[in-house]
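The following report describes the overall build of one protein chain, from its contacts to its domains.

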Amino acid sequence: MDHFLYRDGILHAEDVPLPDIAAEVGTPFYVYSCATLTRHYHLFEEALAGLDHLVCFAMKSNSNQAVIAHLAGLGAGMDVVSGGEYLRAKAAGVPGERIVFSGVGKSAAEMRMALEGGIRQFNVESEPELERLSAIASEMGVTAPITIRVNPDVDARTHEKIATGKSENKFGIPIARARDVYAQAAALPGIEVVGIDVHIGSQLTDLEPFEIAYEKVAELTRTLRADGHDIRRLDLGGGLGIPYERSNTAPPLPTEYGDVIRRTVGDLGVEVEIEPGRLISGNAGILVTSVIYVKEGDGRDFLILDAAMNDLVRPAMYGAWHDIVPVVEPAPGVDQAPFDIVGPVCETGDTFAKQRPMPPLSEGDLVAFRSAGAYGAVMSSEYNTRPLIPEVLVKDDHFAVIRARPSFDEIINRDTVPSWV
Ligand code: LLP
């Protein structure tokens with residue numbers, strides 16, 4: 001459930017009619033709902049109730065300062081994957097002890113930054129990373145709290161580009177090698193082992209791969225404890241999927257996911273961390289755009305929008321489906337016709353949907369892409385020198401621009417032309 005509903009035939013974000021925002025900021029724009037962010041965060045809190053736990057929002061899905069600050073205010077921790085995300089989390093007021101640092105290629109500078117600013121743990125993904133982190137921490141006279149991300153070789157049954165838990169993926173340490181690497185970690189002066197980390201992929205619509213992976217982690221916990229390691233924390237990653245195509249998908253609920261966690265690791269006496277991104281932010285945001293032209297083609301018609309693949313790359317990159325709805329609710333029973341829905345970028349890949357049934361639309365009409373709050377704005381670019389589009393946050397009946405559209409001057413003046421050109 002989200003808070004983007006039709007009222008009196010007009011799509012609203014909470015209590016704000018979308019045409020009001022469009023009139024003020026222009027299209028295209030992203031709009032997020034505070035109430036939906038809150039609701040989704042609480043679903044995880046409820047799913048893990050009774051367990052010692054921390055929900056760390058995966059900032060890669062949506063890292064706007066206002067979104068981070070809102071979630072942090074509810075008690076969320078943050079999962080960051082770069083120095084930039086770490087600084088964003090800190091700037092939004094998240095204390096270091098609520099930030100976990102994930103990622104397969106942390107640089108020395110990023111390690112230093114997090115050790116200086118405070119960090120809950122690093123999720124280490126390789127032996128060379130372990131050694132570098134130990135060296136840097138020792139040099140700074142501190143110890144770095146770590147988990148080791150294990151790769152359980154589990155098929156997450158999701159899109160190949162976002163599956164991370166198979167042995168052929170670049171992530172984590174093969175679980176079979178974990179005992180050796182934990183022994184190595186325990187012997188390093190700058191390292192303090194606090195737990196185990198696992199993340200098998202994103203947009204999982206089936207709980208079984210989680211169950212298999214978490215069973216393996218539970219078994220590893222027992223083995224490592226028998227080896228003398230103090231495994232007191234398990235980071236179980238993110239990945240729970242959302243219904244992109246509402247008419248025919250119903251992924252598992254956070255409560256069911258919570259039951260899997262209880263069943264697999266609930267009796268280990270550990271603190272549980274999870275790193276959900278998409279389920280918190282995905283359906284808390286939509287992309288609003290307007291029709292530039294309705295173009296008749298040879299055997300197919302095109303709806304040309306003012307949003308493009310640079311604004312929302314998921315359809316072009318993963319063949320992803322987003323529900324696309326008119327902002328003015330069509331009359332009941334109105335005839336629909338198939339359209340290819342495209343943006344203005346000069347690539348055939350700039351296609352959001354093919355032969356999608358749509359009600360009659362004309363130039364200037366507003367349409368909205370649902371489920372665009374995760375991996376939307378964060379993955380956008382200025383390809384074709386199209387300015388990054390504004391982000392807007394709604395709470396009840398008011399809204400604020402939380403990232404403004406840059407001017408063309410700002411974009412062009414970022415380049416410098418050397419005198420010798
Ligand atoms: N933790 C780690 C270590 C991750 O790599 C990810 C996502 C998450 C947590 C959050 O996963 P979520 O709960 O959001 O599924 N751009 C792609 C998704 C990439 C996901 C990368 N890692 C997309 O638009 O579908």
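## Overall architecture

In this predicted model, residues 24 or more positions apart account for 70% of the contacts in the chain with a separation of 6 or more. The secondary structure of the chain consists of twelve helices and 21 strands.

As to overall dimensions, the C-alpha trace spans about 70 × 60 × 40 Å along its principal axes. The radius of gyration of the chain is 23 Å, which agrees with a compact globule, because a globule of 421 residues would have a value near 22 Å. Of the 421 residues in the chain, 54% are buried, and the accessible surface comes to about 17,500 Å², with carbon and sulfur atoms contributing 52% of that area.

The charged side chains comprise 37 positive and 61 negative ones, and the centres of these two sets lie 4 Å apart.

The domain assignment of the chain gives two entries, which are set out below with their residue ranges and with the residues of each that take part in contacts between them.

| Domain | Residue range | Residues in contact with the other domain |
|---|---|---|
| domain 1 | 4–31 + 282–412 | eleven residues |
| domain 2 | 103–274 | nine residues |

Domain 1 is thus assigned as two segments of the chain, 4–31 and 282–412, whereas domain 2 is given as the single range 103–274. The C-alpha centres of domain 1 and domain 2 lie 36 Å apart, and across the boundary eleven residues of domain 1 are in contact with nine residues of domain 2.

Conventions: Residues numbered from 1 in each chain as written. Predicted model: local features only at pLDDT ≥ 70, side-chain atom pairs only at ≥ 80, totals over all residues. Heavy atoms only, no water. Helix = DSSP H or I, 4+ residues; strand = E, 2+ residues; numbered from the N terminus. Rg over C-alpha atoms; globule rule 2.2 N^0.38 Å. Buried < 20%, exposed > 50% of the residue type's maximum accessible area, 1.4 Å probe, protein only. Contact = heavy atoms within 4.5 Å. Areas by Shrake-Rupley, 256 points an atom, 1.4 Å probe, with all protein chains shown as cover. Lys, Arg positive; Asp, Glu negative; His and termini not counted. Charge placed at Lys NZ, Arg CZ, Asp CG, Glu CD. Domains from an automatic or database assignment.
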